[in-house]
Structure formats: structure tokens, C-alpha cells
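Please examine the sequence and the structure below before reading on. The questions that follow proceed step by step, and each technical term is explained where it is introduced.

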Amino acid sequence: MTPPILLAVPNVSEGRSEETIAAIGSAFTGGGAGAKGEPAAAGEVRLLDVHSDADHHRSVFTLAAAPEALVEAIVRGAVASLARIDVMARPEGQAARGQHPHVGALDVAPVVYLDAAERGAACAAALVLSDRLGTELELPVFLYGELTGDGAGSGRTRAELRRGGLAALARRMGAQPGRSDEPRLRPDFGPAQLHRSAGATLVAAREPLVAFNLQLAAPSPVQDARAIAAAIREGGERGMPGLRAIGVALSGGVAQVSMNVERPLELPLAAIVETVRTFAGLAGAELVGLAPAAALERFPEDLPMPGFDPARHVIENALGC
């Protein structure tokens, strides 16, 4: 039986050094592609997209391969990330660390399945990956999402693990019984303390999610973006199911609502745009990585989304489905 093709969306905490981003992209594909985002083949691994952002200080790679090749690719990229990124040495402050919350050099490495029949293969690949990162690279690995819960929506979230950043994660990992209000947080794989330069890595197996940003029209202070994010995220006043949102300030005084749409087949991007427009005018949209075709249905034609290419950024088109 031919193994299924899975996706992986490793996020690394580097969005400013083109040399570093290119080296990590090349490592993911075994040396067959740089960091320009063109579809590329290297053995059994395809690099479908690279999205880098200096304000967020983050690069998002989208890979496609059979499970075994995908695990090998992520381990190679992790080795390159550890050699070039020292998140522990970055000075305090969002400008230096980046606007996007993170806890590691290879911050998250989700394995993505496109069909429910492939869920088991994705879960197995994620667990093998976690074991190798912990054993071979001495990275503490925390599982999240489906691998940690008994059902949909019951698992540990990325936000829980990232809350408070590296300092808070280190404190929780070192908490002493009886001396702290919070229980000690133990990695699922790897050592019980943060890596000296690379922090920790979060791993999951999941369906596709969509990383999506909206820039507010000027003049809009970052407080507006934060208020909108609080209102529209799941549990907020106008909360939408499976939506995670934060408000951030970009360079040039731009206010952005940065989102993860965890159930994009149920919540199309057009619905999010419509809701945000009830709060503020919009200057533009940004898709980070790829999205399923259904998530982009009826997307408003009057809202610019620079760099979006349906041939590369719609999952079905990129995979030739």
C-alpha cells in the first residue's frame, strides 16, 4: 500500500536573516530548495511554501511527503535551526523577540492530515518525530491538540504552553511540589529542562488550520487590534468557533489582528473579514502558508491580499489534487 502524503508546517523563530532562513529551508528538503517559496522536490520531500515575517520574527515552512520522509525532513530542519537560532540569548522585549509568541527555535512542528483516514498515520509520525527530537537533539517536546485529549477540543493548546513565554515555561518546568501554586510541567519527550539555546518544541497531529492576518486601516492604534482580537476569538463577545486571535503592532505603526483559524472548513475567511469590518476599516489581508480551497470561498475581492497565488497557496492546487 502506498503511504499517504502528509503535510508538516514547522515554524522557526527567525524571520529576519535571509541566510538563516535559506539554510533551514535547504535542510528541510535535503539541500534541494532555498527559501523563496517555489515548489521544489528533493527526494521524497517537497517544499511548498516559505513565509517569513520580520515583525513576528518567524518563518513558516510547508512541507509535503510520506510519513517517514516527513519525519526525516523535520529532524534535518531542527538540526539546522539549533545550529543557527539562539532564542534563549535574545534580549527581553517584543521588538527583539518578535511579536509572535514562541518557546523555541523550532517552535512548533505540526503534522497535518488532509483526510480522516490519514489521522492515524499523522499521529504516529508526530510521536516518532517527538521521540527523535527529544532523544537525538535533547529538545524538550510538549505535545498539544489531539495527541493530548480524549476528544475534539479537549486537548492542551499551544497558547497554554506559550503563555508567558520562555521564562514562564522554564518556571513551570522547574516548579517544586509544595513551593508553587502551579504543578510542575513535564515534557512528553526529551529532557526535563529547556535546551540551552533552542528552548522547547511543540508537536501535534491535526487537520489543516489557516494562519491569517488582517491589517487595520490607518490610523488605528494597536489597542484597537487587541480589542478586536479579544472580541472575535472563541469565547469573546463576538467569538467565532476555533478562532485564536491576538492584536500586534507592526513596524510603521500598522496595527494587525493575527489569527489561527483552527476549523477553516467551518469558518471561512470571508466570515472573519465581515465581522472585523464591523469594528474597523481594513487595509489588507495576509495568508501565512497554505489554506484549503473551502476556506477561501467568497473571499471579498475588494480586500487586497499581497503575494497570494492560488496555484501555490491553495492546498489542493499545490498538491495537484
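**Questions and answers on the predicted model**

Q: Leaving aside its neighbours within four places in sequence, with which residues is Gly-307 in contact?
A: Contact means heavy atoms within 4.5 Å. When the neighbours within four places in sequence are left aside, the residues in contact with Gly-307 are Arg-312 and His-313.

Q: In this predicted model, at which pLDDT do side-chain atom pairs count?
A: Residues are numbered from 1 along each chain as its sequence is written, and side-chain values use heavy atoms, with hydrogens and water left out. The model is predicted: totals for chains, interfaces and linings use all residues, local features need pLDDT of at least 70, and side-chain atom pairs count only at pLDDT 80 or more.

Q: Is Gly-307 buried or exposed?
A: Gly-307 is in the loop between strand 12 (282–288) and helix 9 (310–313); helices (H or I, at least four residues) and strands (E, at least two) are DSSP runs numbered from the N terminus. The C-alpha atom of Gly-307 is separated by 8.6 Å from that of Leu-287, 20 residues apart along the chain. Buried means under 20% relative accessible area, exposed over 50% and partly exposed in between, with a 1.4 Å probe and protein chains only. Because its relative accessibility is 60%, Gly-307 counts as exposed.

Q: Which residue of the loop between strand 12 and helix 9 has a positive phi although it is not a glycine?
A: Most residues other than glycine have a negative phi. In the loop between strand 12 and helix 9, a positive phi of about 60 degrees is found in a residue that is not a glycine. With a relative accessible area of 76%, this residue is exposed. The residue is Arg-298.

Q: Near what value is phi of His-57?
A: His-57 lies in the loop between strand 4 (45–53) and strand 5 (58–65). At 7% relative accessibility, His-57 counts as buried. Its phi is positive, in a residue other than glycine, and is near 55 degrees.

Q: Is the peptide bond from Ala-218 to Pro-219 cis or trans?
A: Pro-219 is found in the loop between strand 9 and helix 7. Omega of the bond from Ala-218 to Pro-219 is near -5 degrees, and the bond is cis.

Q: In what order do the four strands of the open sheet stand?
A: Two strands pair if DSSP finds at least two bridges between them. The pairing in this open sheet is antiparallel. The edge strands, strand 10 and strand 12, each pair on one side only. The order is 10-11-9-12.

Q: How many bridges join strand 10 to strand 11?
A: Strand 10 (residues 243–250) and strand 11 (residues 254–261) run antiparallel, and Ala-249 has Ala-255 in strand 11 as its bridge partner. Their hairpin has three residues between the strands, and Gly-252 takes a positive phi near 80 degrees there. The number of bridges that join the two strands is eight.

Q: Which residue in strand 12 stands opposite Gln-215?
A: Strand 9 (residues 210–216) pairs with strand 11 in the antiparallel sense over six bridges, and in strand 11 the bridge partner of Gln-215 is Gln-256. Strand 9 and strand 12 also pair in the antiparallel sense over six bridges. In strand 12, Gln-215 stands opposite Gly-284.

Q: How many of the seven residues of strand 12 are buried?
A: Strand 12 is mostly covered. Of its seven residues, the number that are buried is six.

Q: What is the relative accessible area of Asn-260?
A: Asn-260 has its place in strand 11. Apart from neighbours within four places in sequence, its contacts include Arg-158, Leu-209 and Val-210. Asn-260 is buried because its relative accessible area is 17%.

Q: At roughly what angle do the axes of helix 2 and helix 4 cross?
A: Axes are lines fitted to C-alpha atoms, for helices over the stretch in contact, and angles run from 0 to 180 degrees between N-to-C directions. Angles under 35 degrees count as roughly parallel, over 145 as roughly antiparallel, 65 to 115 as roughly perpendicular and the rest as oblique. The axes of helix 2 (residues 67–84) and helix 4 (residues 119–136) come within 10 Å and cross at roughly 30 degrees, which means that helix 2 is roughly parallel to helix 4. The angle asked for is roughly 30 degrees.
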